[in-house]
Amino acid sequence: MSPHISPNHMRKERKKRKMGSLIRMIITLLIGVLGFNTMVVNAAPNTNVTSVLCNSGAYTAADPFATSLAYVIAELETVTPSRMGRGYYNISPFPNAYAYGHAACGSTLTVADCATCLAAARKVMDDTCVSRIGARAVLYDCTIRYEQYPFND
């Protein structure tokens, strides 16, 4: 004796299969679009300078701030490229003369390209703002800043 399948049951089963196919197609499309939008482009970073700003205050080579600043800049350049979102704030661990820093890279840069861009930004900042207690270099694909006081960008 063969089981009897009603026409209504068959229509419902076909409809379920069509819905399943449609859902799979939509999910595949969304994964493709979202995956494309988060793709990292492998190209050289744009290190064109947008702006460089220097604090009017200065420090000397013997100033403890010089040691704090060297620590902050080195950490910004090494830590920022590997950070998710490519932004990083820090503070020097030396209480006799704190330095505060922030660096960020565009989200489409690779880790290596972020590091390259930050090195270029630091060089522009160093060349323009010699011995200043605060400076900021904004390049097209990255930015780096330090100050003698806490700040939020």
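**Notebook: His102 and the salt bridges around Asp153**

I began with the surroundings of His102 and, setting aside neighbours within four places in sequence, I found it in contact with Leu76, Tyr88, Tyr89, Asn90, Thr143, Ile144, Arg145, Phe151 and Asp153. I keep in mind throughout that this is a predicted model.

I then looked up where His102 sits, and the residue belongs to strand E3, which covers residues 100-105. I noted His102 as buried, because its relative accessible area is 9% and the cut-off for buried is under 20%. Among its contacts I picked out Asp153, since the side chains of His102 and Asp153 make a polar contact at 3.0 Å.

Which residues form salt bridges with Asp153? I found one with Arg136, where the side chains meet at 2.3 Å, N to O. This pair links distant parts of the chain, with Arg136 in strand E4 (residues 135-139) and Asp153 in the segment after strand E5 (142-147), 17 residues apart. I found another with Arg145, the closest N and O atoms being 2.6 Å apart. I also recorded that Arg136, Arg145, Glu147 and Asp153 are joined in a network of salt bridges.

I checked the exposure of these partners one by one. Asp153 counts as partly exposed at 45% relative accessibility, and Arg136 also counts as partly exposed, at 22%. Arg145, by contrast, I noted as buried, because its relative accessible area is 11% and buried means under 20%.

As a reminder to myself, side chains of opposite charge can pair when their charged atoms come close.

I next turned to a salt bridge within a helix, where the side chains of Asp127 and Lys123 meet at 2.8 Å, N to O. Both residues lie in helix H3 (residues 111-128), and they are 4 residues apart, about one turn of the helix. Lys123 I entered as partly exposed, with a relative accessible area of 48%. Searching the whole structure gave me 6 salt bridges.

Last, I looked at the chain overall. I counted 3 helices and 5 strands, and reading along the sequence I wrote down the pattern α-β-α-β-β-α-β-β. Of the 153 residues in the chain, 31% are buried. For contacts with a separation of 6 or more, I noted that 64% are between residues 24 or more positions apart. The accessible surface of the chain comes to about 9,900 Å², and carbon and sulfur atoms account for 62% of that surface.

Key. Residues are numbered from 1 along each chain as its sequence is written. This is a predicted model: local features need pLDDT of at least 70, side-chain atom pairs count only at pLDDT 80 or more; totals for chains, interfaces and linings use all residues. Side-chain values use heavy atoms; hydrogens and water are left out. Helices (H or I, at least four residues) and strands (E, at least two) are DSSP runs, numbered from the N terminus. Buried means under 20% relative accessible area, exposed over 50%, partly exposed in between (1.4 Å probe, protein chains only). A polar contact is a pair of N or O atoms within 3.5 Å; within protein, one must be able to donate a hydrogen and the other to accept it, and residues adjacent in sequence count only if both atoms are side-chain atoms. Contact means heavy atoms within 4.5 Å. Accessible areas come from the Shrake-Rupley method with a 1.4 Å probe; for residues, only the protein chains shown count as cover. A salt bridge is a side-chain nitrogen of Lys or Arg within 4 Å of a carboxyl oxygen of Asp or Glu.
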